[in-house]
Amino acid sequence: MSVKDFFIALSENQFLNNNAKKYGLKLGAQSVVAGTNIDEVIESIKYLNKQGISCTVDNLGEFVFERSEATAAKEQILAVIEAIHTSGVDAHISLKPSQLGLDIDLDFCYNNLEEIVSLAHQYDIFINFDMENYERLQTSFDFVERLSEKHDNVGTVIQAYFHRAEEDLAKFKDYRLRIVKGAYKEPETVAFQSKDEIDANYIKLLEYHLLNGKFTSIATHDHDVINHMKKFIALHDIPKEKYEFQMLYGFRKEMQIDLAKEGYNFCTYVPFGEDWYGYFMRRLAERPQNIQLVTKQVFNK
Ligand code: FAD
């Protein structure tokens with residue numbers, strides 16, 4: 001088992017996820033998770049906004065198999081939307097359909113999503129549907145399409161490791177899209193496995209959407225990709241209002257500020273909440289060097 005597979009397996013362990021919730025942010029997670037409650041996350045957003053950075057807020061939550069948990073998550077996201085509106089911070093929402101009942105009942109999940117999207121619509125706040133594993137992909141896309149018939153504040157994510165990503169991108173070209181490499185472990189029947197293939201597809205999709213799409217969030221920490229895209233944007237004179245760069249909270253902080261200072265639109269993905277464990281393990285899977293965050297916390301006591 002590779003280090004990557006090891007951390008992905010940990011991220012999927014329900015027992016460890018549930019236990020971690022009881023103990024607050026631990027193991028260095030506090031450097032990549034912006035607090036456990038709404039007040040803390042709004043403070044973090046204000047700090048980033050002051051540096052010219054907008055935010056997308058993710059109320060962390062995994063393994064939701066009970067209606068009561070999905071309803072609680074919905075209430076929490078509605079409260080975040082209210083807090084964004086009343087505080088006037090520059091932020092929108094990222095959410096995961098599985099947290100709102102995708103694995104419980106599709107109508108129940110749709111109604112939860114609808115309530116969130118329509119409150120956000122009243123306040124002109126954008127809602128991004130994060131994309132999860134392959135099993136949930138088509139249902140999530142269906143929800144996005146259905147909701148966008150009523151509201152224009154909905155967008156989603158295209159994961160470049162999927163063989164079908166190019167087709168999905170063409171279908172969703174009139175949407176605001178975040179394009180990423182893809183974070184979950186997927187079999188070779190549905191996803192590219194090698195870094196070279198994923199990177200090549202990633203760049204191809206970004207270029208396509210920048211030229212043909214509505215709005216592109218270039219979501220990566222990969223400096224080679226970022227430098228390539230900067231040149232591509234300049235060469236094709238892509239207007240600023242058509243794209244932004246995105247990175248995760250706590251990663252490559254200096255590069256985030258530098259990109260904003262250079263005049264690029266920049267948005268930080270800001271996760272918060274007690275359910276931080278799965279998110280944190282996926283970040284360790286992507287970049288085992290992040291394990292330093294853990295060892296520093298465990299040994300620097
Ligand atoms: P990688 O391929 O991990 O890294 C490429 C190179 O960049 C590395 O070799 C290294 O040289 C450099 N590098 C990377 N990270 C660092 C670092 N921290 N410090 C120094 N150098 C570094 N995935 C999903 O499946 N669904 C989603 O909805 C989703 N949303 C996302 C939202 C945002 C804003 C971001 C940034 C990512 C999201 N992801 C999502 C995760 C994404 O799919 C990738 O798993 C993740 O971003 C890692 O890939 P990468 O492009 O950042 O670069």
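**Close-up views of a predicted protein–ligand model**

**View 1. Asp237, an exposed loop residue with a positive phi.** Asp237 counts as exposed because 6 other C-beta atoms lie within 10 Å of its own, and a residue with 12 or fewer such neighbours is placed in that class. The model shown here, as in every view below, is predicted. Asp237 sits in the loop that runs between α9 and β7, and its phi is near 50 degrees, which is a positive value in a residue other than glycine. Most residues other than glycine have a negative phi.

**View 2. Arg252, a second residue with a positive phi, and its neighbour His221.** Although Arg252 is not a glycine, its phi is positive, at about 45 degrees. The loop that holds Arg252 lies between β7 and α10 (253-261). Arg252 counts as partly exposed, because 16 C-beta neighbours fall inside 10 Å. Not counting residues up to four places away in sequence, His221 touches Arg252 together with Met247 and Phe251. His221 belongs to the loop between β6 (215-219) and α9 (223-235), and it is likewise partly exposed, with 15 C-beta neighbours inside 10 Å.

**View 3. The shell of residues around the ligand.** Which of the 23 residues around the ligand come nearest? They are Asp130, Val180, Ala183, Thr220 and His221. Three strands, β4 (154-159), β5 (176-180) and β7 (243-248), each supply at least two residues of the shell, and the largest share, 3 residues, comes from β7. Sorted by residue type, the shell around the ligand is made up of 10 nonpolar, 6 polar and 7 charged residues.

**View 4. Positions that the UniProt record marks as "binding site".** In an unreviewed entry, UniProt places this feature at Met131, Gln159, Lys181, Gly182, Ala183, Lys195, Thr220 and His221. Of these, Ala183, Thr220 and His221 are also among the residues that come nearest to the ligand in the model. Lys195 is found in helix α8, which covers residues 195-212. Is Lys195 buried or exposed? Lys195 counts as exposed, because 11 C-beta neighbours lie inside 10 Å.

**View 5. Lys96 and Arg283, two buried positions with the "binding site" feature.** The unreviewed UniProt entry also places a "binding site" feature at Lys96, Arg282 and Arg283. Lys96 is located in the loop between β2 (91-95) and α5 (106-122), and it counts as buried because it has 20 C-beta neighbours inside 10 Å, while the class of buried residues begins at 20. When residues up to four places away in sequence are not counted, Lys96 touches Asp130 and Glu132, and Asp130 is in turn one of the residues that come nearest to the ligand. Arg283 lies in helix α11, residues 277-286, and it is buried as well, with 21 other C-beta atoms within 10 Å.

**View 6. Gly273 and the residues in contact with it.** Gly273 is located in the loop between β8 (266-272) and α11. Because 25 C-beta neighbours lie inside 10 Å, Gly273 counts as buried. Leaving aside neighbours within four places in sequence, Gly273 is in contact with Thr36, Asn59, Leu60 and Gly61. Gly273 and Pro187, by contrast, are 30 Å apart in space, C-alpha to C-alpha, and 86 residues apart in sequence.

**View 7. Val270 and Ile179 in the largest nonpolar core.** This core has 75 residues, and the ones with the most contacts inside it are Ile179 and Val270. Beyond its neighbours within four places in sequence, Val270 is in contact with Ala34, Val41, Ser44, Ile45, Cys55, Thr56, Val57, Asp58 and Tyr249. In the protein, buried residues make up 42% of the 301 residues.

**View 8. The whole protein and the confidence of the prediction.** The protein contains 12 helices and 8 strands. Among contacts between residues at least 6 apart in sequence, 70% join residues at least 24 apart. The mean pLDDT of the protein is 90, and 88% of its residues reach 70 or more. Over residues 297-301, however, pLDDT stays under 50, and the model has 2 contacts beyond four places in sequence for this stretch. For the complex, the predictor gives an ipTM of 0.98 and a pTM of 0.92.

Definitions and conventions
Residues numbered from 1 in each chain as written. Predicted model: local features only at pLDDT ≥ 70, side-chain atom pairs only at ≥ 80, totals over all residues. Near = placed C-beta within 6 Å. Helix = DSSP H or I, 4+ residues; strand = E, 2+ residues; numbered from the N terminus. Nonpolar A, V, L, I, M, F, W, Y, C, P; charged D, E, K, R; others polar. pLDDT = per-residue confidence, 0-100. Contact = placed C-beta atoms within 7 Å. Core = buried A, V, L, I, M, F, W, Y, C linked by C-beta atoms within 7 Å. UniProt positions renumbered as here; feature names shortened; annotations may be inferred.
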